[in-house]
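Trainee: Please pick one part of this model and take me through it closely, and then show me how its surroundings are arranged.

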Amino acid sequence: MAHVRSLFFEGPLAEVENKALKSAELGRPSDIIWNITNRCNLRCDHCYMAADGHIKPDQLSDEETIDLVRRMGEAGVPVVFLSGGEPMMRPNFWDILAEVNAQGVKPTISTNCTMIDEAAAARLKEYGVRWIATSMYGPAEFHDAMVGVPGTHARVVRAIKALRAEGIGVVLKTALSQDTWPYIFDIIAMAKELDCGLVYICDLITAGRSEGEDDSRVSVEQWRELADFIVRDMLDPDSTTEYDIGAIPSVIPYIAEQFIARGVDVTKGLERLKVMSACPVGKGHMNINSEGGIMPCQFAQDWVVGNIREMSFAEATKALYQIDLQESKGQCAPENCAYSRICRGCRAKAWQRTGDYMAEDVTCILHPERARTIPVTAKAGLSPSAPCAAPGGCG
C-alpha cells in the first residue's frame with residue numbers, strides 16, 4: 001500500500017500517515033488490517049480469501065475480539081482496518097467498533113457496502129469512522145456478475161451517497177486485471193463524480209478463487225499507462241484525488257521518476273520510503289486473521305508468524321520486523337536494483353509463487369537495464385532490529 005498524494009505531497013491521509021510513520025520509527029505496529037470474519041455475502045470471482053458464508057472453526061470469540069481491541073489501545077496502535085470477508089456480517093461488529101473508538105484507535109472499514117443504508121452511515125459516523133473502503137469493478141452488469149449477486153452495484157452507489165452525506169470519506173477499490181482494465185479509467189471518473197476522496201488500485205492477487213490465473217494480470221505497459229495517468233492527474237491543480245497502489249510496489253519508484261522528470265521535488269516521499277517502503281511487509285504493518293493468526297501481508301493468508309492469542313504485540317511486531325532484516329533476491333536484490341530498499345518488491349507474490357518470501361517479484365514494472373534516477377541513500381539511525389525499545393512501546 002502506498003498513498004501517492006500523501007506520500008509525495010500533502011494528501012488527505014497525511015495526518016494518519018505521519019502517525020503510522022512515527023509508530024514504525026518507535027518499533028510499534030504502524031497499522032493493523034484485521035479480518036474480523038471470513039464470512040461474506042458476495043462471491044467475488046477474484047477473492048484471494050475465497051470468502052463465503054462459513055465461519056472459521058477457531059474464529060476469535062466475541063470476548064477475545066474486545067480484549068484484542070483493548071490491547072491495541074494499550075500498544076498505541078494508530079490505525080486499524082476492520083475487514084473480512086464482510087466485517088459487518090460479524091454479529092458483534094458494532095461492539096468491536098465501539099471499543100475501537102473508545103480506545104482512541106482510528107478505524108477504517110473495508111466493506112462491500114451492501115449492509116450500509118442511511119441509518120448505518122449515521123451510526124458509523126457516531127462511532128468515529130472517517131473512511132470506508134468499498135469495491136467497484138466496472139459498470140453495473142459487469143460488477144454484479146463479478147461479485148455474483150445481482151443489484152450489488154446499485155446498492156454500493158446508494159451506500160456511497162449515504163456515507164458522503166454524513167461526511168465519511170470513501171475509498172473506491174478495484175482489483176486490476178485483464179477483465180477490469182477496460183473500465184479502470186471509468187472507475188476513477190466514477191470516484192470523482194461520487195466525491196470519493198481516494199481510489200485504491202490493487203494488482204491481481206492469484207490466490208483463493210483466482211489461484212493459477214497469473215495470465216489475467218495486466219501487462220507492464222498497461223501499468224505504466226495507468227501510472228502516467230495518475231501522475232498527470234496529481235499534477236492537475238483542479239484534482240484532489242488520492243491514489244493508493246496495492247501489491248505492485250514498483251509503481252511507486254516509477255511514479256517518483258515521472259515526477260522528477262517533470263521537475264517535481266519528491267524529497268519528502270523518498271525520505272518516508274526509507275522508513276516505510278512501498279511494500280510495507282516487515283515495516284510495522286501487521287495483519288490479523290479471524291482466528292488470530294499474525295500475517296505479514298493480508299494477501300498471503302497462509303503466511304503466518306504466530307497467533308495473537310499467544311503473543312504480545314511487542315513479540316508479534318518483533319517477529320514481523322525480522323523479515324525486514326533480510327534482503328530481497330534476484331532482480332529485487334540490492335546489488336541488482338538501486339530501489340531495493342524503498343520498493344522491496346511484493347513479498348506476498350514471492351511467497352505465493354515460490355514459497356520463499358524474499359524471492360524476486362517478477363511483476364516489477366521497472367526493467368533492470370533502465371538507468372535509475374532516484375537518489376536512494378539509506379537513512380541512518382533507524383534500525384528495525386530493536387522494535388518496541390522506546391518507552392511505552394507496543395505491549
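Mentor: Angles here are taken between N-to-C directions and run from 0 to 180 degrees, the axes being lines fitted to C-alpha atoms, for helices over the stretch in contact. The model is a predicted one, in which local features need pLDDT of at least 70 and side-chain atom pairs count only at pLDDT 80 or more, while totals for chains, interfaces and linings use all residues. Residues are numbered from 1 along each chain as its sequence is written, and side-chain values use heavy atoms, with hydrogens and water left out.

The part I have picked is strand β3, residues 79-83, and its place is easiest to see from the whole. The protein has 14 helices and eleven strands, which are DSSP runs numbered from the N terminus (H or I, at least four residues, for helices; E, at least two, for strands). Of its 395 residues, 58% count as buried, that is, under 20% relative accessible area, with over 50% called exposed and the range in between partly exposed (1.4 Å probe, protein chains only). Among contacts (heavy atoms within 4.5 Å) with a separation of 6 or more, 74% come from residues 24 or more positions apart.

The eleven strands make one open sheet of mixed pairing, in the order β1-β8-β7-β6-β5-β4-β3-β2-β9-β10-β11, where pairing requires at least two DSSP bridges between two strands. Its edge strands, β1 (2-3) and β11 (306-307), each pair on one side only. At the β1 edge, two bridges join β1 to strand β8 (residues 242-246) in the antiparallel sense, with Asp244 in β8 as the bridge partner of His3. Helix α9 (residues 220-234) lies across β6 (169-176), β7 (198-203) and β8, and runs at about 155 degrees to β8.

In the order of the sheet, β3 stands between β4 and β2. Strand β2 (residues 31-35) runs parallel to β3 and is joined to it by four bridges, with Ile32 partnered by Val80 of β3. On the other side, strand β4 (residues 106-110) is also parallel to β3 and joined by four bridges, and here Phe81 stands opposite Thr108 in β4. The crossover from β3 to β4 passes through helix α4 (residues 93-102) and is right-handed, as is the β-α-β unit made by β2, helix α3 (residues 62-75) and β3; right-handed means that, with the strands pointing away from the viewer, the path from the first strand over the helix to the second runs clockwise. Four of the five residues of β3 are buried, so the strand is largely enclosed by the rest of the structure.

The connection that leaves β3 also deserves attention. Gly85 is in the loop between β3 and α4, and the peptide bond from Gly84 to Gly85 is cis, with omega near 15 degrees. Further along, α4 buries Phe93, Trp94, Ile96, Leu97, Glu99 and Val100, and its buried residues pack against β2, α3, β3, β4 and α5 (118-126). Gly104, with a positive phi near 80 degrees, follows α4. Beyond β4, in the loop leading to α5, lies Cys113, a residue other than glycine whose phi is nonetheless positive, near 70 degrees; Cys113 is buried, at a relative accessible area of 0%.

Away from β3, a further loop residue offers a view of the chain's longer-range contacts. Thr180, in the loop between β6 and α8 (184-193), is buried at 1% relative accessibility. Leaving aside residues up to four places away in sequence, Thr180 touches Tyr137, Phe142, Met146 and Ala175, and its C-alpha is 6.7 Å from that of Gly138, 42 residues away in sequence.

Helix α6 (residues 140-147) and helix α7 (residues 152-165) have axes that come within 7 Å and cross at roughly 105 degrees. The two are therefore roughly perpendicular, the word for angles of 65 to 115 degrees, as against roughly parallel under 35, roughly antiparallel over 145 and oblique for the rest. Their contact is made by Ala140, His143, Asp144 and Val147 of α6 with Thr152, His153 and Val156 of α7.
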